[in-house]
Amino acid sequence: MQITTWHTGLFVFVKGKQPRRTIAYRTDIDGLPIQEQTGYSFSSTHAGNMHACGHDFHMTIALGVLHTLSKHPVDDNVLFVFQPAEEGPGGAQPMLASKEFQSFHVDMIFALHIAPELPVGTVSSKEGLLFANTSELFIDFIGQGGHAAYPHVTKDMVVAASTFVTQMQQIISRKIDPLDSGVISIGKVTSGTVQNIIAEQARLEGTIRTLSPETMQLIKKELEQMMRGFELTYDCSIKVDYGANYYQVYNTKPYVDQFQQAVQKEGITFQTASQAMTGEDFGYFLKEIPGFMFWLGVDSPYGLHHSQLTPKEDALTVGVNAVLAMIHHV
Ligand SMILES: CC(=O)N[C@@H](CCC[C@H](N)C(=O)O)C(=O)O
């Protein structure tokens, strides 16, 4: 076994007995700025930070598979990719481009993500698009503050930004083909100082999701056009920053079919997935290397990015078995 560190990530290479190729299995390892409220005795010891998106689960499964393969290697080489920064700003792209990763000459790659809504014992995937294209979205409005009693001599950025939040949804309803789809969500709004001062600045923080890179470009173009209109209407300056962008997760067909056969032989239920507006920078690996991603049922009453996400631990064994089944079958 060969271990190579890469920034805060790791590559672990298990040499095959008679290698014809190298199969890679990727797990993300980072967490989210959420205060854990699961009540578990093994809750996060880092105040204000927890996994909340299953990356602890993903890692544990990778370690379980690694434990088995270190004792019983298969014919092919298996590379374990422990990848940082999936939640942002994105570790996949720089890790993929690294000389360390390139030196392994990976032929096929796969990964999983927990699915709180699926029962334990079920996995789910589909050929083609599984996860969306994403772009973070940060919009700054700069106007002119002043006394709340004299709005006419100010440039009120609370009014400009809040109108923008509602109006931007018309890009989805009026500019996107109804048979296509997109999401613009604002998760954070910051503005103002006290109740009787007109806010000079406002900041919107959100994300854009689309089913194609082309629709992503269209939404960004329309947003920028709307910003120029708002600059004229509200006599202000508006700046946009798209932060981290993730390429869609697009699964290669033969591998999804092979995975279905492999897991069904193990008594695991396979469900055909629908495409989802979640994002995953694993899409960058799949852009360069054939492979796929799948959902693993963990039956949690609380969803991804929730402080009480509680995946059922029985799903760990299912995850390890599903990954091993694929490695043996492919
Ligand atoms: C599986 C999952 O929840 N992934 C995240 C990826 C974040 C992408 C980026 N930071 C953004 O918000 O656009 C997701 O939110 O889907």
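Visitor: What makes strand β2 count as largely enclosed by the rest of the structure?
Guide: In this predicted model, a residue is called buried when its relative accessible area is under 20%. In β2, 5 of the 6 residues meet that condition, and therefore the strand is described as largely enclosed.

Visitor: How do you know that β2 pairs with β1, and in which sense do they run?
Guide: Two strands are said to pair if at least two bridges are found between them. β1 and β2 are joined by 5 bridges, so the condition is met, and the two strands run antiparallel. One of the matched positions is Ile3, whose bridge partner in β2 is Val12.

Visitor: Which other strand is joined to β2 in the antiparallel sense by 5 bridges?
Guide: That strand is β4, which runs antiparallel to β2, and Val14 stands opposite Val78 in β4.

Visitor: What lies in the turn of the hairpin that β1 and β2 form?
Guide: There are 2 residues between the two strands, and His7 in the turn has a positive phi of about 45°.

Visitor: What makes the phi of His7 worth pointing out?
Guide: Most residues other than glycine have a negative phi. The phi of His7 is near 45°, a positive value in a residue other than glycine. His305, in the loop between β17 and α9, also has a positive phi, near 70°.

Visitor: Why is His7 called exposed, and what is His305 called?
Guide: Exposed means a relative accessible area over 50%, while partly exposed covers the range between 20% and 50%. His7 has 71%, which is over the upper cut-off, and therefore it is called exposed. His305 has 44%, which falls between the two cut-offs, so it is called partly exposed.

Visitor: What kind of peptide bond joins Gly88 to Pro89, and where is Pro89 placed?
Guide: Most peptide bonds are trans. The bond from Gly88 to Pro89 is cis, with omega near 5°, and Pro89 sits in the loop between β4 and α2.

Visitor: In what order do the strands of the open sheet follow one another?
Guide: The open sheet is formed by 8 strands, in the order β1-β2-β4-β3-β5-β17-β6-β16, with mixed pairing.

Visitor: Why are β1 and β16 called edge strands?
Guide: Each of them, β1 at residues 2–6 and β16 at residues 269–272, pairs on one side only, and that is what the name edge strand refers to here. From one strand to the next, the twist of the sheet averages 25°.

Visitor: How do you know that helix α1 packs on the sheet?
Guide: Contact requires heavy atoms within 4.5 Å. Helix α1, residues 55–71, touches β2, β3, β4, β5 and β17, and its direction makes about 145° with that of β3.

Visitor: In which sense do β5 and β17 pair?
Guide: Residues 108–115 of β5 and residues 291–297 of β17 pair in the parallel sense over 7 bridges, with Ile114 opposite Leu296 in β17.

Visitor: What makes strand β12 count as mostly covered?
Guide: Of the 10 residues in β12, which spans residues 201–210, 7 are buried. β12 is joined by 10 bridges to β8, and these two strands run antiparallel; here Ile139 has Leu204 in β12 as its bridge partner. A further 9 bridges join β10 to β12, again antiparallel, and Ile184 stands opposite Ile208 in β12.

Visitor: Why is Thr190 counted as it is for accessibility, and what does it touch?
Guide: Thr190 lies in strand β10, and its relative accessibility of 40% is between the cut-offs of 20% and 50%, so it counts as partly exposed. Leaving aside neighbours within four places in sequence, Thr190 is in contact with Gln201, Ala202, Arg203 and Glu205. The C-alpha atoms of Thr190 and Ala202 are separated by 5.6 Å, although the two residues are 12 residues apart along the chain.

Visitor: How much of the chain as a whole is buried?
Guide: Buried residues make up 49% of the 330 residues in the chain, which has 9 helices and 17 strands. Among the contacts with a separation of 6 or more, 78% are accounted for by residues 24 or more positions apart.

How values were computed: Residues numbered from 1 in each chain as written. Predicted model: local features only at pLDDT ≥ 70, side-chain atom pairs only at ≥ 80, totals over all residues. Heavy atoms only, no water. Helix = DSSP H or I, 4+ residues; strand = E, 2+ residues; numbered from the N terminus. Buried < 20%, exposed > 50% of the residue type's maximum accessible area, 1.4 Å probe, protein only. Axes fitted to C-alpha atoms, helices over the stretch in contact; angles between N-to-C directions.
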